[in-house]
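Here are a few notes to help you find your way around this one. Have the structure open while you read.

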Amino acid sequence: MQKASTDHQAVAKDIKLLVLDIDGTIAGESNTLNPAVKQAIFAAQARGIQVAIATGRMYGSALRFHQDIGSTLPLMAYQGAWIQDPITQKIHRHWVVSREIAHKLLDYFEQPELRSLLSVHFYINDQLYVRELTRETQIYAERSGVIPIPVGDLRQVLTNEPTKILALCDDTDVIDKLLGNLRRQYTPAELYLTKSVATFFEATNASVNKGTAVRYLAEELLGLQLANVMAIGDNFNDVEMLEYVGLGVAMGNAPTAVQAIAQWVAPSVEEDGVAVAIEKFLL
């Protein structure tokens, strides 16, 4: 599917930066990069195109993918709430959720009708704090390669402000309702709310999204324009990034609404869609 007719050669000539999401984009079921995807990324880099990662994952959890693709750029983690250069260790940006809002969200999640349905994650200083180890948390932790810290009452850790707050539930209807209700309670000027997968509700600082993160990396750090940037993603937390860049590509496994805002739709993650998109536009 293609929304805009694009002169591919003109696009390839302009693109200086490629930004990639991790889960559902460069990493599928296997939770690793397939050789075809890796080779395509290396081929783009050999042409002088810089490659960066923008993910909802924790910084520590995303680092191996950043290293895997040989990126020399800052890593955009937590939807861009945390932007850090792994080489110099410099943190370019760390935008947090206020303690007051974190307390209110926790009160909301702990209502009797929701408490038993949700696994609530607080991310503070790149550590994951949970009330207890639920099955969902254990699956998440295994995939992310992080060790969750169970603390009982999460209010104990709110001496520090969270980078991100996540609520997990296997029932996608519960997550959709949660998102709808909280979007009515909080304006976009108060909180950024999104889904990174159908079972993950995410909340970050209002100024945070992958679009603002990519804009910062491209324009402020690299001196590029949006026409110089291509991005590939697969979910609702990628929407702002796909809308911002000169060339936004959605994965074939992306929800229809996400595919609709992209300029091109690649094959799915299991079909190495990123490699196909790189071949088509950049090589």
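1. Let's begin with the inside. The residues lining the largest cavity are Leu-118, Ser-119, Val-120, His-121, Val-130, Arg-131, Glu-132, Thr-134 and Thr-137. Keep in mind that this is a predicted model.

2. What is the volume of that largest cavity? It comes to about 40 Å³. Searching the whole structure for cavities of 30 Å³ or more turns up one.

3. As for the character of the lining of the largest cavity, three of its residues are nonpolar, four are polar and two are charged. Strand E6, residues 119–124, gives the most to this lining, with three residues.

4. Strand E6 also has a place in a sheet. That sheet is open and has six strands, which run in the order E8-E7-E6-E9-E11-E10 with mixed pairing. At its edges sit strand E8 (149–150) and strand E10 (191–195), each of which pairs on one side only.

5. Now have a look at strand E9 (residues 164–168) and strand E11 (residues 200–205). In which sense do E9 and E11 pair? Their pairing is antiparallel, over four bridges. If you want a spot to zoom in on, take Leu-168, whose bridge partner in E11 is Phe-200.

6. Finally, there is a helix to add to the picture. Helix H7, covering residues 172–185, packs on the sheet and touches E9, E10 and E11. The direction of H7 makes about 160 degrees with that of the edge strand E10.

Conventions:
Residues numbered from 1 in each chain as written. Predicted model: local features only at pLDDT ≥ 70, side-chain atom pairs only at ≥ 80, totals over all residues. Heavy atoms only, no water. Pairing = 2+ DSSP bridges. Helix = DSSP H or I, 4+ residues; strand = E, 2+ residues; numbered from the N terminus. Contact = heavy atoms within 4.5 Å. Axes fitted to C-alpha atoms, helices over the stretch in contact; angles between N-to-C directions. 1 Å grid on protein atoms, 1.4 Å probe; cavity = no way out; pocket = protein on both sides within 12 Å on 5 of 7 lines; lining within 4 Å. Points joined across faces, edges and corners; volume = space filled by probe spheres on them. Nonpolar A, V, L, I, M, F, W, Y, C, P; charged D, E, K, R; others polar.
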